[in-house]
Amino acid sequence: MKQMIMGLNLLSTLKELKVNSAARAGRCVACLSVNALHGLCAPCRADLPVNRWSCFTCGLPLPWAADNLRCGECSKEPPPFERARIPWRYQFPVDGMIGRYKYHGQRKFARPLVADFGQFLAHQLAEEPASLPDLLVPAPMHPKRRRKRGFNQATDIAEQVGRQLGIPVDAGLVRRVKQVKSQRELNRTQRLANLRDVFEVRGTPPERVAIVDDVVTTGATARALALKLKAAGAREVEIWALARTPG
């Protein structure tokens, strides 16, 4: 028995060393420094635009720490989701890193963001264990667009974070049933109209769900998804994303 325990301890130590070694493998994607962790060195990581003061509900960056930590729009017209957890603003260099990953399939640029995103979420949820979602739902992509791009970045992010936090992921619970024009050039009103009847929930969601995406722009997609999930039975919905565009 003693030898077995010693063997398990050795395996655990070797696994930890392997994980740490993999995390430190490769150069910084920003400056090519060899002193990188998950593909980003400490100085470049310190340059990431932290979403320090943001709306509790939608994650919109705020110019200062407001008393109620809610933007004017969420105070006047609360969205169908309860809160957002978004660590960065969609500004340089995060915007370029996500763009290289999302539109060119260069996953090495997402690696440090997703790793740090998982740590950010783990820290927050350790302080709020009651907020732990039962399920992660990636923002769905229409099959034609997914085939063209080759992957759904929201599913990638959800699966990695789900493994890190021990939360199941269901990429098939919600699907896009209509292909619409790109949201990138539309304002908030146009985005909401563009997403009408686009999503379909294929089953009954659990009580607590987190929608996972790469970037939240106006929040139109998050609103449309949260409405559908709540109509299908979810009680609490959160939005988890890497970055949020400034207002």
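# Close-up views of a predicted model

**Figure 1. Let us begin at Phe120, which counts as partly exposed, with a relative accessibility of 23%.** Like everything shown in these views, Phe120 belongs to a predicted model. The cut-offs explain the label: 23% is neither under 20%, as a buried residue would need, nor over 50%, as an exposed one would. Phe120 shares helix H5 with Phe117, and because the two are 3 residues apart, about one helical turn separates them. Phe117 has a relative accessible area of 0% and is therefore buried. Keep Phe117 and Phe120 in mind, as their rings return in a later view.

**Figure 2. The whole chain, for orientation, has 9 helices and 9 strands.** How many residues are in the chain, and what percentage of them is buried? The chain has 247 residues, and buried ones make up 45% of them. Contacts tell us how the chain folds back on itself: of those between residues at least 6 apart in sequence, 72% join residues at least 24 apart.

**Figure 3. Helix H5 meets helix H7, with their axes coming within 10 Å.** H5 covers residues 111-127 and H7 covers residues 153-165, and the two axes cross at roughly 45 degrees. H5 is therefore oblique to H7. The crossing of H5 past H7 is right-handed. On the H5 side, the contact is made by Val114, Ala115, Phe117, Gly118, Gln119, Leu121, Ala122 and Leu125. On the H7 side, you will find Ile157, Gln160, Val161, Gln164 and Leu165. What kinds of residues make up the contact of H5 with H7: nonpolar, polar or charged? There are 9 nonpolar and 4 polar residues, and no charged ones.

**Figure 4. Tyr101 and Phe151 form one of the 2 aromatic pairs in the structure.** A pair of aromatic rings is described by the distance of the centres and the angle of the planes. For Tyr101 and Phe151, the ring centres are 5.5 Å apart and the planes stand at 40 degrees, so this pair is tilted. Where do the two partners sit along the chain? Tyr101 is in helix H4 (residues 94-104), while Phe151 is in the loop between helix H6 (143-149) and H7. The pair thus links distant parts of the chain, with its partners 50 residues apart. Are the two partners buried or exposed? Tyr101 counts as buried because its relative accessibility is 3%, and Phe151 is buried too, at 5%.

**Figure 5. Here the rings of Phe117 and Phe120 form a stacked pair.** Their centres lie 6.5 Å apart and their planes are at 20 degrees, which is why the pair is called stacked. Phe117 is also among the H5 residues that make the contact with H7.

**Figure 6. Two residues of helix H7, Thr155 and Glu159, are shown together.** Thr155 is buried, as its relative accessible area is 16%. Leaving aside residues up to four places away in sequence, Thr155 touches Pro138 and Ala171. Glu159 has a relative accessible area of 37% and is partly exposed. How far apart are Glu159 and Val137 in sequence and in space? They are 22 residues apart in sequence and 9.6 Å apart in space, from C-alpha to C-alpha.

**Figure 7. Around helix H4, a cis peptide bond joins Phe92 and Pro93.** Omega of this bond is about 0 degrees. Pro93 is placed in the loop between strand S4 (88-89) and H4. Within H4, Val94, Met97, Ile98, Gly99, Tyr101 and Lys102 are buried. Just after H4 comes Gly105, whose phi is positive, at about 65 degrees.

**Figure 8. Leu32 and His38 each have a positive phi without being glycine.** Most residues other than glycine have a negative phi, and most peptide bonds are trans. Phi is about 70 degrees at Leu32, and near 55 degrees at His38. Leu32 is in the loop between helix H1 (2-24) and strand S1 (36-37). With a relative accessible area of 54%, Leu32 is exposed. His38 lies in the loop between S1 and strand S2 (40-41).

How values were computed:
Residues numbered from 1 in each chain as written. Predicted model: local features only at pLDDT ≥ 70, side-chain atom pairs only at ≥ 80, totals over all residues. Heavy atoms only, no water. Axes fitted to C-alpha atoms, helices over the stretch in contact; angles between N-to-C directions. Helix = DSSP H or I, 4+ residues; strand = E, 2+ residues; numbered from the N terminus. Parallel < 35°, antiparallel > 145°, perpendicular 65-115°, else oblique. Left-handed = near helix turned anticlockwise from the far one by under 90°. Contact = heavy atoms within 4.5 Å. Nonpolar A, V, L, I, M, F, W, Y, C, P; charged D, E, K, R; others polar. Phe/Tyr/Trp six-rings, centres within 6.5 Å; stacked < 30°, edge-to-face > 60°. Buried < 20%, exposed > 50% of the residue type's maximum accessible area, 1.4 Å probe, protein only.
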